[in-house]
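Hi,

Here is the structure I promised to pass on. Have a look, and my notes follow below.

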Amino acid sequence: MILPVVAGILLNGRGGYLLAQRPPGKIMAGFWEFPGGKVEAGETLRQALDRELEEELGIRVNCATPWMSRQFDYPHARVVVSFFRVLAWSGTPQACEFQKLSWFDPEEALPEGFALLPANLPLIRALSLPPVYGLTRAHELGEEPMLAVIDDACRRGLRLLQVREKFWSAVQIACFVQKIRQRTQPWPLRILVNGDPELAQRTGADGVHLPARLLEILKGRPDLPWVGASCHSRTELEQAQGLGVDFAVLGPVCPTQTHPAAHPLGWPEFTALRHESPLPVYALGGLTGLALNQAIQQGAQGIAVMRGLEDWAEEKIPSHLCGQESV
Ligand SMILES: Nc1nc2c([nH]c(=O)n2[C@@H]2O[C@H](COP(=O)(O)OP(=O)(O)OP(=O)(O)O)[C@@H](O)[C@H]2O)c(=O)[nH]1
């Protein structure tokens, strides 16, 4: 039997997230978790979330979006935990069940020996993934205009970039990575190189972004700090998961100039595939910054944008998508 569980990740607008320590008397007492609990008979996941967070923290959830779900076998039960990002609530979180509460920064590693419920480990890494993943097209725009676009996007909140220059040599890409680093020095931008892991390693990037064709060839996770993967189907999402990548990019969701012949998935298909995968999934294909809200509502990690990076209409990433500011 699988035990359905919901858990809420309260986000405080600066990227911080709330953990609770399971109180004495509960199974796995002393372990840290996201507030939540078992779904009761007849409840929807959202109803269960609202009830659990009211019982445990004394808050009313005003805005929560589905995120990832994970199945895990504990000695006491097989659980499937549906995690929600909780972006707005009323009231101040309190320890209503005598649990310890603490806010954490996703950019900082948890303390040595920290007892986190094991099903939650990949979530902590995923929490440091930003809502927008930019893709370069310097081969079309030219290097200098592309650098200007990246610089401008960083000012508006871009923190993750894929250098996708498929026709360039390793030397050219390495040089471009260097230039991006110099230009974006004030911001903590992570740079992934599209291609094979060896190429990414040679360019000094923070990670590799695997094209779909490599997913069935590679035997294991490349030895780089960050690994993303391009996926277009359930099979590719499963291959990416099998390799242990950090996140997937799924698309095209809408018609796109980059792959005019590709059949767009549309939002319903994207949402169904995203729901089946335990990975954080970015939506890709014909999207602009305006689609970010919709993508997050559909449970995506965010959006991956190429042309959208230049057309990004918003001043910056809307603050209501980052969590509650007043905490
Ligand atoms: N609440 C919560 N449970 C989680 C998380 N991750 C995870 O694996 N679980 C597992 O999901 C199950 C939740 O059960 P629970 O004991 O918290 O449920 P509950 O609040 O309804 O407790 P109760 O039955 O004592 O009232 C446990 O087996 C727990 O180990 C998480 O982040 N939050």
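Three strands make up an open sheet, ordered S3-S2-S7, with antiparallel pairing. Strands here are DSSP runs of E, at least two residues long, and helices are runs of H or I of at least four, both numbered from the N terminus; two strands pair if DSSP finds at least two bridges between them. At the edges sit S3 (32-33) and S7 (100-104), each pairing on one side only. S2 (residues 17-21) runs antiparallel to S3, and 2 bridges join them. In one pairing, alanine 20 has glutamate 33 of S3 as its bridge partner.

A word on the source: this is a predicted model, where local features need pLDDT of at least 70 and side-chain atom pairs count only at pLDDT 80 or more, while totals for chains, interfaces and linings use all residues. Residues are numbered from 1 along each chain as its sequence is written.

Now the ligand. It has 18 residues around it (C-beta atom, placed from the backbone, within 6 Å), and Ala7, Glu33, Gly36, Gly37 and Ala119 come nearest. Strands S1 (2-10), S4 (36-38) and S6 (78-90) each give two or more residues to this shell, with S4 giving the most, 3 residues.

As for the whole protein chain, there are 10 helices and 15 strands. Its radius of gyration, taken over C-alpha atoms, is 20 Å, close to the 20 Å from the globule rule (2.2 Å times the number of residues to the power 0.38) for 327 residues, so the chain is as compact as a globular protein of that length. Its C-alpha atoms fill a box of roughly 60 × 40 × 40 Å along the principal axes.

Cheers
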